[in-house]
Amino acid sequence: MCDDDLDPCTDDRCDDGVCEHQPVGFLEACVPVLTPFQRVLVLAPFTARFTTQVGALPIGDPPAFTSGQRAALVSDLAALGAQFDLVRRTLAGRDDEVGDTAQARATAALPDADQALRLAALVRALVRAAIRVDQFPAATASELERSTADLVRGTKAVKRDLVRLRKVSQVFRP
């Protein structure tokens, strides 16, 4: 296997030590996966930056996280990043068993997108709980709230795209 070229409609293979990125056999069936794939390409680095930001927040007496709160949130964000990576790999066709069609990839990626949405909602709930008890200055609280809302919104959009792609396959099945 070669490195992913970040195009879900190419087959990334190694041929005699040379990496090749050939278009998939039925390109028209793959193109619909581009939108959710691109959303994940945006969400994954956003999650990584947000994880770093949360990890740098002060701990101690309010206004600050406790060490356990920060560690739990960083852990949940890391798990969310891992879920995005699984969705990205599935949508990119890195799993040969999934298939080349957008519908097959969407169906295979949906459970991981579901788990990502649960994690994003958990992260937002943890941040909101900390904000409600005034653990942060107003500017920090506002930034955390906005970032978690963006995570949840983006993850919902990925899941919605995948559900739509899966339904298309159900409509055209013989």
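In this predicted model, helix 3 passes helix 4 in a left-handed crossing. Helix 3 covers residues 67-91 and helix 4 residues 102-132, and the two pack at an angle of about 160 degrees, with their axes 9 Å apart. Helix 3 and helix 4 are therefore roughly antiparallel to each other. Sorted by class, the residues in this contact come out as 19 nonpolar, three polar and three charged.

Helix 2 (residues 34-55) packs on helix 3 too, at an angle of about 160 degrees and with the axes 9 Å apart, which makes helix 2 roughly antiparallel to helix 3. Here again the crossing is left-handed. On the helix 2 side, the contact includes P36, F37, V40 and L41, while the helix 3 side includes R70, L73, V74 and L77. The tally for the contact of helix 2 with helix 3 is 16 nonpolar, four polar and two charged residues.

Turning to charge pairs, the structure holds eight salt bridges. One of them joins D85 and R88, whose closest N and O atoms are 2.8 Å apart. Both sit in helix 3, and because they are three residues apart, about one helical turn separates them. D85 is partly exposed, at 32% relative accessible area, whereas R88 counts as buried at 15%.

Other bridges reach between helices. D114 pairs with K159, with 2.6 Å between the closest N and O atoms. D114 belongs to helix 4 and K159 to helix 5 (residues 138-172), so this bridge ties together parts 45 residues apart in sequence. R128 and E145 also meet in a salt bridge, at 3.2 Å from N to O; R128 is in helix 4 and E145 in helix 5, 17 residues apart. Finally, E143, R146, D150 and R153 are joined into one network by salt bridges that share partners.

Methods
Residues numbered from 1 in each chain as written. Predicted model: local features only at pLDDT ≥ 70, side-chain atom pairs only at ≥ 80, totals over all residues. Heavy atoms only, no water. Axes fitted to C-alpha atoms, helices over the stretch in contact; angles between N-to-C directions. Parallel < 35°, antiparallel > 145°, perpendicular 65-115°, else oblique. Left-handed = near helix turned anticlockwise from the far one by under 90°. Nonpolar A, V, L, I, M, F, W, Y, C, P; charged D, E, K, R; others polar. Contact = heavy atoms within 4.5 Å. Salt bridge = Lys/Arg side-chain N within 4 Å of Asp/Glu carboxyl O. Buried < 20%, exposed > 50% of the residue type's maximum accessible area, 1.4 Å probe, protein only.
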